[in-house]
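Q: Please take a close look at the largest pocket of this model. What lines the largest pocket, and how much space lies in it?

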Amino acid sequence: MKKDSKNWKPATQLVHGGRLQSQFGETSEALFLNSAYSYESAEEAEALFAGKKQGFKYGRYSHPNLAMLEERLALMEDAEACVVTASGMAAVFAALMCQLKSGDHMAASKVLFSSCHYIITQILPRFGVSYTLVEGDDMDGWRKAISKKTKCVFIETPANPTLELVDIKAVAALCKKTGSCLIIDNVFATPLLQHPLKLGADLVVYSTTKHIDGQGRTLGGAILGKRKFIDDTLMPFVRHTGPHMSQFNAWLLLKSLETLEMRVAKHCDNAEALAVLLASHPKVSRIMYPGLKSHPHYALAKKQMSHGGPMISFELKGGKKAAFRFMNALSIFDISNNLGNTKSIVTHPASTTHASLGAVELKRLGIGDGLIRLSIGIEDIEDLKRDILEALK
């Protein structure tokens, strides 16, 4: 790492951060496709495995492409250390399982991506871990849920798919009193719009599959936090369970990061314009966008986010039938369960990403049959506006 990289602006860090060059002096990061490494001597191998010398030992532990990506992500998040995994859910699971044990308790916001909900409510209880789900904006609920027994607190903000917000700083203060580890899923905000570690969180997790890749090519995840936690608690779990990312995917993400700032700026500008458009349309009964004054957490969004973000959710009058009619009439938007791509994407959460929660839970969380989630791409805004208005006719 170059000595002054921590003082660079984000756009520069995203291009040059963590860069390693071989003896050949390549200008684009090299791709290291190998599973293991050889040593000059048996003594060197012993020193590496004893931790007396730094270096690469085995692809399941780390590799040059992973090291570059982790350093670049850490710089972007202003974190001491980073671990990259093969998927976003691998990152979530590792961040929790590396520190939870039977008898522990955890708290989480009620509105969660369905796989996060499944881990917390179905998998962890099999290992003797209890949980409490809390309404995101209910501070009394958080005070009651977080106790000395609470090992972890997991929050999505903005949440998927309702885009509700949670006051990170306020919940972090509660966690500090009890010694609970606060984990923030920052996917919807991206690393450029919200900085959970600066607001008091202990860990931030990402699905790099989303805006960090941004082009629908790779799966990946990341966990960022303090060096001591990463080295002493997370890395032993990761080394022995094997969720690390492949060399090729890490190399692709290094290239993606070079354009992240420009892409996110365009995503956000387009999203804000479309949110304003949808808010005034007679067929829309509810619009959820943190950058609009109508959002119930608008004041909090202004405080902890630098922009309303690249995601929009809204509800159509007429329920599922109206939602499907709208989606099928779109020309530019892809119908998909993914998000964060350069291409705009439309999703019906109740029948896809959150269907496994069941009708009762969906209703309780405010995820109705008419709810549509938009991941706004970088296309021309006039084309996107026209596409939406035509589909709403």
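A: The answer below starts with the pocket and then turns to the cores and two buried residues.

This is a predicted model, in which local features need pLDDT of at least 70 and side-chain atom pairs count only at pLDDT 80 or more, while totals for chains, interfaces and linings use all residues. Residues are numbered from 1 along each chain as its sequence is written, and side-chain values use heavy atoms, with hydrogens and water left out.

On a 1 Å grid over the protein atoms alone, a pocket is an open set of points where a 1.4 Å probe fits, with protein on both sides within 12 Å along at least five of seven lines; lining residues have an atom within 4 Å of a point. About 930 Å³ of space lies in the largest pocket, a volume being the space filled by probe spheres set on the points, which are joined across faces, edges and corners. Its lining has 33 residues, and Gln54, Ser62, Ala67, Glu70 and Arg227 lie nearest the centre. Two or more lining residues come from each of α2 (42-49), α3 (64-77), β1 (81-85) and α9 (227-241); helices (H or I, at least four residues) and strands (E, at least two) are DSSP runs, numbered from the N terminus. Helix α3 gives the largest share, six residues. By class, 18 lining residues are nonpolar, six polar and nine charged (Ala, Val, Leu, Ile, Met, Phe, Trp, Tyr, Cys and Pro are nonpolar, Asp, Glu, Lys and Arg charged, the others, Gly among them, polar).

A nonpolar core is a set of buried Ala, Val, Leu, Ile, Met, Phe, Trp, Tyr and Cys residues joined through side-chain atoms within 4.5 Å. Buried means under 20% relative accessible area, with a 1.4 Å probe and protein chains only. The largest such core has 33 residues, and Leu96, Met106, Phe154, Ile183 and Leu234 touch the most other members. Elements giving two or more residues to this core include β1 and α9. A second, separate core of 27 residues includes Leu292 and Phe326.

Thr218 is in the loop between β6 (203-207) and β7 (221-225). Thr218 counts as buried because its relative accessibility is 4%. Not counting residues up to four places away in sequence, Thr218 touches Thr209, Asp213, Asn249, Leu252 and Leu253, where contact means heavy atoms within 4.5 Å.

Ser256 lies in helix α10 (residues 247-257) and is also buried, because its relative accessibility is 1%. Leaving out residues up to four places away in sequence, its contacts are Ile212, Asp213, Gln215, Arg217 and Arg263.

Notes
Buried means under 20% relative accessible area, exposed over 50%, partly exposed in between (1.4 Å probe, protein chains only).
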